[in-house]
Amino acid sequence: MVALTIGMATYNDFDGVYFTIEALRLYHDLSDTELLVIDNFGCEHTRRFVEGLPDARYILATDVQGTAAPRDLVFREARGEAVLCCDSHVVFAPGAIARLRAFYRDHPGTCDLLQGPLVYDDLRSISTHFEPVWREQMWGIWATDQRGLDPDSEPFEIPMQGLGAFSCRKAAWPGFNPAFRGFGGEEGYLHEKFRQRGGRCLCLPWLRWVHRFGRPSGVPYPLTIDEKFRNYIIGHTELGLDLAPVRSHFAEFLREERLDALTTEALRDSQLASLPLISCICPTSNRVPERQYLVEEAIESFLRQSYPRKELIVLNDCPGQELVCDAPGVRVVNVPTRFASLGEKYNAGIALARGDLIANWDDDDISLPWRLSLSVELLGDADAYNPGIFWFMRGGVLQRDAARNVGHNFSLFRRTAFDAVGGYPAISLGVDQAMEAALRAKVVCQGGPNTGQDELTRDDWYYIYRWGVSPNHLSGSADTDFWQRIGKLPVQTGRFELRPLWRMDYSVEARRLASEPIAKCKRGQEGKAGRKRRRTAGDHSRSAPRVVLLVVGDAGRRGKSKVRGFPRIEPNPGEAPARHLDRVMRAIDQAIVRGGTHLLVPRENAEWLADHPLLASYFAAQHELIEASPKLGIVFALARKP
């Protein structure tokens, strides 16, 4: 690890990046220092410039635009023990970088946030900090403490400061709220976060920096009042600060009803962002075009997950094939050479991951929508979770009997567990068994035998292991050269766009089978009752459409009437919102299988949606709103997934 990383986030600012970096290289001692550029826009000129420099790295990060996310990435990606984060149009005073490295050598355990005076264009006037005053849609106005006029003065505490340049030890970085979007709202928030964690906010009088405020061509990035207000609401809520001054100030610019709507949205997003990020790793190679649908179905499985904070990394190592996918949360990484083993490919995928939780995501199997949310719940405080039980599909037919094996391909584990076992071994055949054995030997595991955790019921099985859909199953070969041989198969070169889609609704089929008594279902035989249920519940092609209305809260209705009850499912004590949503989604799926076509939320139960924003978002996004009246209530047409 190097002593210092100087990192900057940039958005369509090649000139700023160029002159900031070249000024650092020309006028400062950069020994034991790395340069890091996080590009939030995607500028090819910036990429070529940075990648052509020694001891400099370029990272493209356009999935979330704004200032918080790429600044956060600067600290996560930094290889230095300490980090100096600056804007891409900042110039530092001579000697400032060397003195900063010396400061960290003299204070190796500091947990403070370090900043210095802003020097204006005349190179004489300075501002040492912000005063916590609201003005012009911003919390903080420039101010000067006389102690900062002499660059050789002792450090002193400040309330706030602009974030054109700030520094701390990598280990002390508290992170920005992951719900922040756009530009603004970070000043003051970050300082209070350091103080609440026991650190100080210091001005180092010699850490002087000049900031280019002038924009003759205009500001290249979107800057909205809505995003500023939203970020302030999220940040103040996280830190327990009073929201009244925020609303009072922004009431000068936004109507009261708009403030209410943005506040509700911000608090909902903040709640979701507090969940841990799960990184799903999907290794693939040479599936397209013949078996392209496998990868597309794997991606669709990811998109249908009820768990809200997730990312999917599709790692393709088939030379000559470029895969692309613009689905939300999906990142395709094409590498020009094939990995020497599957274990090394998994390690590379996890190195690209941003989450603290890791889920393997095989490119030829199906994960049902509750996989991630249920896995997080059952993981609890443990290091790894693997239920070891799943659905088995052969020849396109889902088998009713439980299947059991190592099951590492549908496990969930923490990044700390991955580090504890030293990652995956550099092998292909048996890599899942080796990793699973290492985890169970060295970290705390849940799921499967000998852990004291109950086995999943059929309703909760979340993984469909498909057999026979590809000749490249590693588990179907005992040949140690199998990995190398499949890497030598013919390749159709080109650029291929992945369009996520399930070819059948696997979750509905799994629900149908789970509802059938096992004693009446022999392997491979559906039986008369099952065929009758399928005709009445899932296949309406031979009869006229039948409307079956489900009434929320009217659980007393039963039978085959056209009006049926639907339970008002409330969260259990301490239950996460995502898990509550998952239980409602399952109940809706089962109701659809049994013939339900519409859902009525009566007026007296309207707060069921109002009190649970995830439910309201789910119904609005997945089903069609038919009516919303004060007299009747809210009616949704329930969508059957294709």
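**Figure 1. Helices α15 and α17 meet through residues on both sides of their contact.** In this predicted model, S507, V508, R511 and R512 of α15 touch R586, D589, Q590 and V593 of α17. Try sorting these residues by chemistry: the contact divides into two nonpolar, two polar and four charged residues. Helix α15 covers residues 506-515, while helix α17 covers residues 577-593. Two packed helices are described by the angle between their axes and the distance between those axes. Here the angle is about 75° and the axes lie 10 Å apart, which means that α15 is roughly perpendicular to α17.

**Figure 2. E509 sits in helix α15 and has a polar partner, R512.** Which side chain makes a polar contact with the side chain of E509? It is that of R512, at 2.6 Å. An α-helix has 3.6 residues a turn, so residues three or four places apart point the same way. R512 is also one of the α15 residues that meet α17. If we set aside the neighbours within four places in sequence, E509 is in contact with L398 and M504.

**Figure 3. Helix α3 is largely enclosed by the rest of the structure, because seven of its ten residues are buried.** Helix α3 spans residues 68-77. Its buried residues are A68, P70, R71, D72, L73, V74 and F75. What do these buried residues pack against? Their partners are the strands β1 (2-10), β2 (33-39), β3 (56-60), β4 (80-87) and β12 (165-169).

**Figure 4. N12 and Q137 each have a positive phi without being glycine.** Most residues other than glycine have a negative phi, and most peptide bonds are trans. For N12, phi is about 55°; for Q137, phi is near 60°. You can find N12 in the loop between β1 and α1 (14-27), and Q137 in the loop between β9 (129-135) and β10 (138-143). Is each one buried or partly exposed? N12 is partly exposed, with a relative accessible area of 35%. Q137 is buried, because its relative accessible area of 15% falls under the 20% cut-off.

**Figure 5. A cis peptide bond joins V288 and P289.** The omega angle of this bond is about -5°. To find P289, look in the loop that runs between β15 (278-284) and α9 (292-303).

**Figure 6. A340 lies in the loop between β18 (330-334) and α10 (342-352).** Beyond its neighbours within four places in sequence, A340 is in contact with W483 and Q484. How many residues separate A340 and H107 along the chain? They are 233 residues apart, and their C-alpha atoms are separated by 44 Å.

**Figure 7. Stepping back, the whole protein chain contains 19 helices and 33 strands.** Along its principal axes, the C-alpha trace spans about 90 × 70 × 50 Å. The radius of gyration is 28 Å, and a compact globule of 642 residues would have one near 26 Å, so the two values agree. Of the 642 residues, 53% count as buried. Now consider the contacts with a separation of 6 or more: residues 24 or more positions apart account for 72% of them.

How values were computed: Residues are numbered from 1 along each chain as its sequence is written. This is a predicted model: local features need pLDDT of at least 70, side-chain atom pairs count only at pLDDT 80 or more; totals for chains, interfaces and linings use all residues. Side-chain values use heavy atoms; hydrogens and water are left out. Axes are lines fitted to C-alpha atoms, for helices over the stretch in contact, and angles run from 0 to 180 degrees between N-to-C directions. Helices (H or I, at least four residues) and strands (E, at least two) are DSSP runs, numbered from the N terminus. Angles under 35 degrees count as roughly parallel, over 145 as roughly antiparallel, 65 to 115 as roughly perpendicular and the rest as oblique. Contact means heavy atoms within 4.5 Å. Ala, Val, Leu, Ile, Met, Phe, Trp, Tyr, Cys and Pro count as nonpolar, Asp, Glu, Lys and Arg as charged, and the others, Gly among them, as polar. A polar contact is a pair of N or O atoms within 3.5 Å; within protein, one must be able to donate a hydrogen and the other to accept it, and residues adjacent in sequence count only if both atoms are side-chain atoms. The radius of gyration is taken over C-alpha atoms; the globule rule is 2.2 Å times the number of residues to the power 0.38. Buried means under 20% relative accessible area, exposed over 50%, partly exposed in between (1.4 Å probe, protein chains only).
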